[in-house]
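Please open the model in your viewer and keep the sequence panel beside it, so that each selection can be followed in both places. The tour begins with the whole chain and then moves to smaller parts.

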Amino acid sequence: MAKSNDHRVLGPKLGYYQQSEDVGPGLPLFPWKGESVINSLQTFLRELLEKNDYKFVRTPHISKNELFKKSGHWTNYREDMFSVKSKDDKMSIKPMSCPFHTSIFANESNSYKDLPKRYAEFATVYRNEASGALTGLSRVRMITQDDAHIFCTIDQLNGEISNLIELVKEVYSVLGFNDVEVELSTRPEKYVGNLSTWNKAEKILEEMLKDSKLKFKINKGDGAFYGPKIDFHIKDSNGKSWQLATIQLDFNLSSRLDATFKNSKDKNENPIILHRALLGSFERMFGILIEHYNGAFPVWLSPTQVKVISFNDEILEYTKKISKKLISSGLRVENDFRSETVQRKVREAELEKIPYIIVIGQKEKEKNTLAVRQRGSRPKFGVKMNDFIKQIKTEISNKTLN
């Protein structure tokens, strides 16, 4: 039996996501509340990545099969890909973004002076997972990755990997994951490239982990088909372990797709590619966060940050003005103006796990103040509007945890 905070129970109950038999298994629907949480995560990551000199790109959801044949996905990943009928070409839905990002690099004029180049995309990819393996948001067929690829030289490699490790630590700290374990995943049975290159790549990642003083385990045979990887596992508030962030070292794809740059001797050279994700996928991370926070998101992630409740119909117009001012200040606000008791409206807002509940009655109108109930706390009376807005905006800006 599922626990009460299992995201498959709590997520639909709170209106975060839905499953539809008409749409199909592994293809979740996100109403506005779920979209709001994912959008907040994406905004956080976009701002962080742009500060770290990532350039966001956009790529198609489908491609001619020739691209996947060149990249190696057709040989090594074909059974997990969806095919698409086309009038002229045989095509597939993309299972990964790396061939597309590498194609962007290959179509540009690149010099060693331009490197490293960091491309990021919140890319929705599709994988033909077995229906029996699908579960909630943890295993889906629609996967929106916080995907990025770094094109660099061998001399830049250590610095880029070191920066990525620090970036992973920063993201997990903000989200409240403090228990992180690390694995080095090595060459799988199906792979591209030669053994000497693989051995070199594995040695580079192992030395980087040692230099970073990170404890790690070897996960034999679990690397990507194009290169070894560092995998980060977190433990949530339930003690459940999840594999999320990954840093993958690839010496193969750029040559397969003719991606080159001019080196210092004006000769064409293939860049090294670092494939990386911080959250893994937004769908899976959403499910993890629902359980980690028991549905009670910190205010910066909450789809509704403030619920405004009217005491009675006589105070309704004034309450609407208060709500409008909060909305105009940039807060995400819902209203409850129903002709129900205040006790019932407050209780329902608490069950929705809303961070702040504001009740407006006659006293609040006369004194031009707010009655504010913070989640898990007793109400405070006589709160000034400007003071409340300043407080909650500070929490949002600092990404304060509960």
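What percentage of the 402 residues in the protein do buried residues make up? With everything selected in this predicted model, buried residues come to 53% of the 402. Still at this scale, the C-alpha atoms fill a box of roughly 75 × 45 × 40 Å when it is taken along the principal axes, and a cartoon view will show 13 helices and 18 strands. If you switch to a surface, the protein exposes about 19900 Å², with carbon and sulfur atoms supplying 46% of that area. Among the contacts with a separation of 6 or more, 71% are between residues 24 or more positions apart.

**The five-stranded sheet**

Select next the strands β15, β14, β16, β17 and β18, which form an open sheet in the order β15-β14-β16-β17-β18, with mixed pairing. At its edges stand β15, residues 333–336, and β18, residues 379–383, and because each has a single partner strand, one side of each is left without a neighbour in the sheet. From one strand to the next, the twist averages 25 degrees.

Within this sheet, narrow the selection to residues 356–360, strand β16, and residues 370–374, strand β17, which run antiparallel and are joined by four bridges. Show V359 as sticks, and you will find it opposite A371 in β17.

**The cysteines**

Now select C98 and C152, and ask why the sulfur of C98 forms no bond with the closest cysteine sulfur. That closest sulfur belongs to C152 and is 15 Å away, which is too far for a bond, given that a disulfide requires cysteine sulfur atoms within 2.5 Å. Seen from the other side, the closest cysteine sulfur to that of C152 is the one in C98. Both residues can be looked for beneath the surface: C98 counts as buried because its relative accessibility is 2%, and C152 counts as buried at 0%. The structure as a whole holds zero disulfides.

**A helix residue and a distant partner**

For the last stop, select residues 385–398, helix α13, and pick out N386 within this helix. Is N386 buried or exposed? Its relative accessibility is 54%, so N386 counts as exposed. Finally, add Y77 to the selection and draw a line between the two C-alpha atoms: N386 and Y77 are 56 Å apart in space, and 309 residues apart in sequence.

Definitions and conventions. Residues are numbered from 1 along each chain as its sequence is written. This is a predicted model: local features need pLDDT of at least 70, side-chain atom pairs count only at pLDDT 80 or more; totals for chains, interfaces and linings use all residues. Side-chain values use heavy atoms; hydrogens and water are left out. Helices (H or I, at least four residues) and strands (E, at least two) are DSSP runs, numbered from the N terminus. Buried means under 20% relative accessible area, exposed over 50%, partly exposed in between (1.4 Å probe, protein chains only). Two strands pair if DSSP finds at least two bridges between them. Axes are lines fitted to C-alpha atoms, for helices over the stretch in contact, and angles run from 0 to 180 degrees between N-to-C directions. Contact means heavy atoms within 4.5 Å. Accessible areas come from the Shrake-Rupley method with a 1.4 Å probe; for residues, only the protein chains shown count as cover.
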